[in-house]
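Student: Mind walking me through this one? I'd like to ask a few things while we look.

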There are 4 protein chains.
Amino acid sequence: MESIEKALYYIVDENDEHNRLSKFFNYFLMALIILSVGEMALETDDGIFLPYRNYFRIFDFFTVMVFSTEYIIRIMTAHLIPENKGKTRWQAVKTYIFSFAGLVDLLSILPFYLDFTNLDLRVLRMLRLLRFFRVFKITRYNDSMKLVADVIRDKRSEIGVIMGLIFIIMIIASFIMFYAEHDTQPKAFPNVLGCFWWAIVTMTTIGYGDVFPVTYMGKIVGSTMALLGIGLVAMPTGIISAGFLEKINERQEKEKQKKEKPEEDKKHYCPYCGHKLDD
Amino acid sequence: MESIEKALYYIVDENDEHNRLSKFFNYFLMALIILSVGEMALETDDGIFLPYRNYFRIFDFFTVMVFSTEYIIRIMTAHLIPENKGKTRWQAVKTYIFSFAGLVDLLSILPFYLDFTNLDLRVLRMLRLLRFFRVFKITRYNDSMKLVADVIRDKRSEIGVIMGLIFIIMIIASFIMFYAEHDTQPKAFPNVLGCFWWAIVTMTTIGYGDVFPVTYMGKIVGSTMALLGIGLVAMPTGIISAGFLEKINERQEKEKQKKEKPEEDKKHYCPYCGHKLDD
Amino acid sequence: MESIEKALYYIVDENDEHNRLSKFFNYFLMALIILSVGEMALETDDGIFLPYRNYFRIFDFFTVMVFSTEYIIRIMTAHLIPENKGKTRWQAVKTYIFSFAGLVDLLSILPFYLDFTNLDLRVLRMLRLLRFFRVFKITRYNDSMKLVADVIRDKRSEIGVIMGLIFIIMIIASFIMFYAEHDTQPKAFPNVLGCFWWAIVTMTTIGYGDVFPVTYMGKIVGSTMALLGIGLVAMPTGIISAGFLEKINERQEKEKQKKEKPEEDKKHYCPYCGHKLDD
Amino acid sequence: MESIEKALYYIVDENDEHNRLSKFFNYFLMALIILSVGEMALETDDGIFLPYRNYFRIFDFFTVMVFSTEYIIRIMTAHLIPENKGKTRWQAVKTYIFSFAGLVDLLSILPFYLDFTNLDLRVLRMLRLLRFFRVFKITRYNDSMKLVADVIRDKRSEIGVIMGLIFIIMIIASFIMFYAEHDTQPKAFPNVLGCFWWAIVTMTTIGYGDVFPVTYMGKIVGSTMALLGIGLVAMPTGIISAGFLEKINERQEKEKQKKEKPEEDKKHYCPYCGHKLDD
């Protein structure tokens, strides 16, 4: 029993870079996730779905079976993950089930089983899309992801201030726009909320063309907004730019210090037993 | 009397981070401001306003009462603000009333009282939106706001040059556009001012689709403008980017110097009496 | 005669920051240029122009008289400009007339005099807009302008490469688009040149909505272009950003060096005679 | 024979900056490429093509003859390229034919010869556009191109993460959009794939106006997407900005080190014989 669990863990393990079997398994799951999202997309087109509904059902059944099996294996092998060392088996299982990854894994298979209850689960089925985030588990992207996340966290306060300012400007512009355009275009600018939609479409420079000012006053407000928009779009870019440079400089300095005193405490754990290895 | 004023000041005080009561009061006011803006937005939709007009009136009355009370308290306690120490009571009150914050506070309640005069005060009522800027008073955003404001001030001259250049290019393009498109589309390009609207919509890459060139000449001018637009949008971003980095480097150097000689002159004031405390 | 010329030069001189008279004269000219551009814009609207045509003519006559007088003064005082010291009077005049500023000054008044010849001079009259560039002569913007110009010059080669790449991608996309959309929308995509207009409108994210793909192939090409567009717009911004930082660092280093050895060779010239002054 | 080959190589050689004949030949080819692309563009307009079809054919014949001659010369002189020194003649020819440049050269003339086989070769003919990339061979752009390419390569992982994130957000938004808008606008949002087209047009801020949300739910999703779009467009710009600065700093440090120890191993090769020259 013990050895079967270890063998299964060896397959689903995501932390060992040199484990070919788990690598293959992970790429297989990822392919399945992408195909599964593609299937969900095609299902929404009746012209494609109706003639081939049986094939869709079979594929759906197959993917859910694979993901369910994976879910069960992960529960069975939760206590073998190095991070869970020291916990009891039951604690390790609970840790997995209530982790973000565990909830995503569960929620993405649940809709299939609830389907027999005849509820309208379309929204619930979209939970399967959450699995998509697992694509980022690939090791070689981890460093870049961490860098991107670090910069966003570091600069969230400055970006928040800018977003707040944009928001206030958009609200004020919406009110002015309402008084300027409502009488001329009551359908395009029905109320301040409708004007806010115009403000977003203008400030982000999308400009669908469904709502645009026609009065002189409206065009003046629109022009001001558009020009402010350039400046306010430039701000986050500048902040993020500065953030990346800071982070990169920090790293380079750390690397310099590392070179001077070599790391002695780099430890390797055995993926089977969790013991420290004398590499 | 003195002690009541101090107790009231303790509530409306915005400078003391550890004062829980004033914190609660500030968040309450902020919530009221946001709700009040929401109310103004909903009022513009007759379908929502007319059936519930009485509720809107009651809410309006309530908010104005709260803001009026706050205004009176601020006048009564103006002389207790540490910055006004040394001034007479009357001078402190005058300082508050004619400060930006004081004028905003007054203008945002005034429309309600003037309503009984049967004037059309719709535009005046929008003054209430000014209160919105008070949201930025939250302490934890102060540093970020200062950084953003510093960068804009530092770089206003470069940004001014770029904006001036954009403006001149847009004017010249408007004239060319008028001669190129007016005969073909007299409604879309009625005069140079109308062409300037096109220039703004194009240069900021909004592109509503209400005006666009159809002649060869117009399309050539439009293409040139669009490509110049990329470059000219890139300029402010680059300038602001550089500005943030400069500021961040400056701060890091200051922090280094601070570490070497610890600040001795950091003073704390009692929020009640304005006296220096031996923390 | 000599002293009159010097007095006139004192008025039109642009290099002396402390000369109040020339400052006033320059601001007056600038105001006249802006009003003159405004007049040209209003002239294009028949509803405004026709009832007030006489006022327009009088204003036009007045501005041309002022600019003509200025032109004559500049010719008369060309030999008094410090930079022209050492040249004969005739050489100095020739230098001014064939300089960029001189040609702009001439071309902007010429159309008025040619008007009597009954030619269609509408395009020629637009030359008056060139005067607009003189707005940038204001001293306090000079440093910022130089910085902006330096960055553009430094990075023109990298920006050229990016622009070349964008251009090639747009051409290739235009050809693919033609084969994808021409049969379905022969009017929107009449030929490759028409598709190029689509490519510009898409790549710069303007998106007027006059031309857009409807076929699957066209939408795939459009999506690719749109996503590449983000990247390719990001490139110039990044390049310019880096350029500004380089320049700013350079200046800071120069200032450091300056502080160490004070400038001894700073010379002041008399605006009247061009002689070196012992300040 | 040997001397003829050397003379021909002297003409087509691209590595020698001081070789005037090859420079002229290269500019001539480049002009021909640009004219040839222009010809292809004009051919797509029946109004221009049909009356002048004979001229188009003659020009087409002429260009293919020139490019064919160049191709033959390149094969004949492949063994004279310094990089191919040491290889046998046959190996050098094979190296050229299967190189990217060699394949481009072949594919761009092939369609002309296959034309006699009466196949529909329109797509194949577009291969001629590939020649366009040869424009970048001009020496003075090489440094800038290398810089741009280096930055893209350095940052491809971070940009990949951002693009992946954008992609996942767009897919999720497409699904929500489908459930929000499909019932109201079945034509604009026919299926999830159609919604994905909307997501691209919105996220890149193009906003053609062919598809846009009209329901409240759709507008909320659209607004969120639009605001996220600003942030996500700012990210690549920030990354690339940082990349350029890193590269520029690296270069400056290298140049400093170079100044300290002058390069001794700079070698010059004779373009005729490939021998090292004692410059």
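Student: Which helix of chain B does B:Ile152 lie in?

Tutor: Before that, a word on the ground rules: this is a predicted model, where local features need pLDDT of at least 70, side-chain atom pairs count only at pLDDT 80 or more, and totals for chains, interfaces and linings use all residues. Side-chain values use heavy atoms, without hydrogens and water, residues are numbered from 1 along each chain as its sequence is written, and chains are lettered from A and ligands numbered from 1 in the order in which they are written. Helices are DSSP runs of H or I with at least four residues, strands are E runs with at least two, and both are numbered from the N terminus. By that scheme, B:Ile152 sits in helix α8 (residues 139–154).

Student: Is B:Ile152 buried, partly exposed or exposed?

Tutor: The cut-offs are under 20% relative accessible area for buried and over 50% for exposed, with partly exposed in between (1.4 Å probe, protein chains only). B:Ile152 has 41% relative accessibility, so the label is partly exposed.

Student: How far apart in space are B:Ile152 and B:Ile240?

Tutor: In sequence, the two are 88 residues apart. In space, C-alpha to C-alpha, the distance between B:Ile152 and B:Ile240 is 7.5 Å.

Student: Which residue of chain D does C:Lys155 touch?

Tutor: C:Lys155 lies in the loop between α8 and α9 (156–181) of chain C, and at 7% relative accessibility C:Lys155 counts as buried. Contact means heavy atoms within 4.5 Å. Leaving out residues up to four places away in sequence, C:Lys155 touches C:Ile239, C:Gly243, C:Glu246 and D:Ile248. So from chain D it's D:Ile248.

Student: How many residues apart in sequence are the parts that C:Lys247 and C:Asp154 tie together?

Tutor: Their side chains meet in a salt bridge at 3.3 Å, N to O, where a salt bridge is a side-chain nitrogen of Lys or Arg within 4 Å of a carboxyl oxygen of Asp or Glu. C:Lys247 is in helix α11 (residues 216–260) and C:Asp154 in helix α8 (residues 139–154), so the pair links parts whose separation in sequence is 93 residues.

Student: And over all chains, how many salt bridges does the count come to?

Tutor: The same kind of pair turns up inside one helix: A:Glu250 and A:Lys247 bridge at 3.4 Å, N to O, and both lie in helix α10 (residues 216–260) of chain A, 3 residues apart. Likewise, B:Glu70 and B:Arg74 bridge at 2.9 Å, N to O, sitting 4 residues apart in helix α4 of chain B. Over all chains the count comes to 24.

Student: What is the handedness of the crossing of α2(B) and α4(B)?

Tutor: Helix α2 (residues 20–43) and helix α4 (residues 53–76) of chain B pack at about 145°, with axes 11 Å apart; axes are lines fitted to C-alpha atoms, for helices over the stretch in contact, and angles run from 0 to 180 degrees between N-to-C directions. Among the residues that meet are B:Phe25 and B:Leu29 from α2(B), and B:Phe59 and B:Glu70 from α4(B). A crossing is left-handed if the near helix is turned anticlockwise from the far one by less than a right angle, and right-handed if clockwise. Here, it is left-handed.
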